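Subject: Structure for you to look through

Hello,

Here is the structure I promised to pass on, with the sequence beside it. Please open it and keep it in view while you read the notes underneath.

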Amino acid sequence: MRQFILFVLSCCTLNVLAAQTEISNATVRQPLPGKTLSAGYFSIRNTGTNPIALLAVTSPQFDSVELHAHQMTDGMMQMVEVDKIAVAPGQSVHLQPGGLHLMLFGPTQPIQLGQQVPLQLRWSDGTMQSVSANVTRIPKQ
Ligand SMILES: [Cu+2]
């Protein structure tokens, strides 16, 4: 019981402005040498009782950030921009390679391994949420 109360308290302190969503495992891939774009991933959990959708992401470290999905078109896997990422109550959505992801364009300064990239998430209920993403290397295919 005590543990439960502590959990509730910590969750509410972390998400003062967005009580309904928990973000975990936020990462941004270090751009490949000579490239000015990168991908970002995290898991979203909707802890509330209402549907919610992620509408936009911004970062002071990048000129722009888009929400992307992968889609099969004419037998080719292609990336498409989506206008939102919806999460049903009690459900989780995972941004991951080959699926939904953030596309980050134009780093405003070099992105170093191990660095934290601040992300601002804008939700459909009007709240903003700050997330810190770990810069990781693109795994070898
Ligand atoms: Cu993309």
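What follows is a walk through the model, starting with how far it can be trusted and then going through its strands.

Please bear in mind from the start that this is a predicted model. The mean pLDDT of the protein is 88, and 85% of its residues reach 70 or more. The stretch to treat with caution is residues 5-17, where the pLDDT is below 50 and where the model has seven contacts beyond near neighbours in sequence. Where pLDDT is low, the predicted coordinates should not be read in detail.

As for the overall layout, the protein has one helix and 10 strands, and along the sequence these follow the pattern α-β-β-β-β-β-β-β-β-β-β. Of the 141 residues, 23% are buried. If you consider the contacts between residues at least 6 apart in sequence, 68% of them join residues at least 24 apart.

Strand 2 is a good place to begin. This strand covers residues 37-46, and its side chains alternate: S38, G40, F42, I44 and N46 point to one face and are buried, whereas L37, A39, Y41, S43 and R45 point to the other face and are not buried. Strand 2 runs antiparallel to strand 1, to which six bridges join it, and within this pairing I23 stands opposite I44. Strand 2 is also joined by four bridges to strand 8, residues 101-107, again in the antiparallel sense, with G40 opposite L102. Three further bridges link strand 2 to strand 7, residues 92-94, and these two strands run antiparallel as well; here R45 stands opposite S92.

Strand 1 has another pairing to look at, since three bridges join it to strand 10 (residues 128-136), and these two strands run parallel. In that pairing V28 stands opposite V135. The C-alpha atom of V28 is also separated by 9.9 Å from that of G114, although the two residues are 86 residues apart along the chain. G114 itself lies in the loop between strand 8 and strand 9, and it counts as exposed because it has 9 other C-beta atoms within 10 Å.

Is R29, which also belongs to strand 1, buried or exposed? R29 is buried, because 21 other C-beta atoms lie within 10 Å, and the cut-off for that class is 20 or more. Leaving aside residues up to four places away in sequence, R29 touches S38, A39, T136 and I138. With T136 the separation along the chain is 107 residues, while the C-alpha atoms are 4.9 Å apart in space.

Strand 10 leads on to strand 9, with which it pairs in the antiparallel sense over seven bridges; one example is L121, whose bridge partner in strand 10 is Q129. The hairpin made by strand 9 and strand 10 has four residues between the strands, and in it G126 takes a positive phi near 90°. Strand 9, residues 116-123, is in turn joined to strand 3 by four bridges, and the two run antiparallel. L121 appears here too, as the bridge partner of V57. Strand 3, residues 52-58, also runs antiparallel to strand 6, residues 85-87, with three bridges between them, and A53 has A86 as its bridge partner there.

Finally, there are two backbone angles that you may want to find for yourself. Which phi does N25 have, although it is not a glycine? N25 has a positive phi of about 55°, and this residue lies in strand 1, residues 21-29. N25 counts as exposed because it has 12 C-beta neighbours inside 10 Å, and exposed here stands for 12 or fewer. D74, likewise not a glycine, has a positive phi of about 50°. Where does D74 lie? D74 is placed in the loop between strand 4 (62-73) and strand 5 (76-81), and this residue is exposed, since 5 other C-beta atoms lie within 10 Å.

When you go through the model yourself, you could begin with strand 2 and its alternating side chains, and then follow strand 1 across to its parallel partner, strand 10.

Best wishes

Notes: Residues numbered from 1 in each chain as written. Predicted model: local features only at pLDDT ≥ 70, side-chain atom pairs only at ≥ 80, totals over all residues. pLDDT = per-residue confidence, 0-100. Contact = placed C-beta atoms within 7 Å. Pairing = 2+ DSSP bridges.
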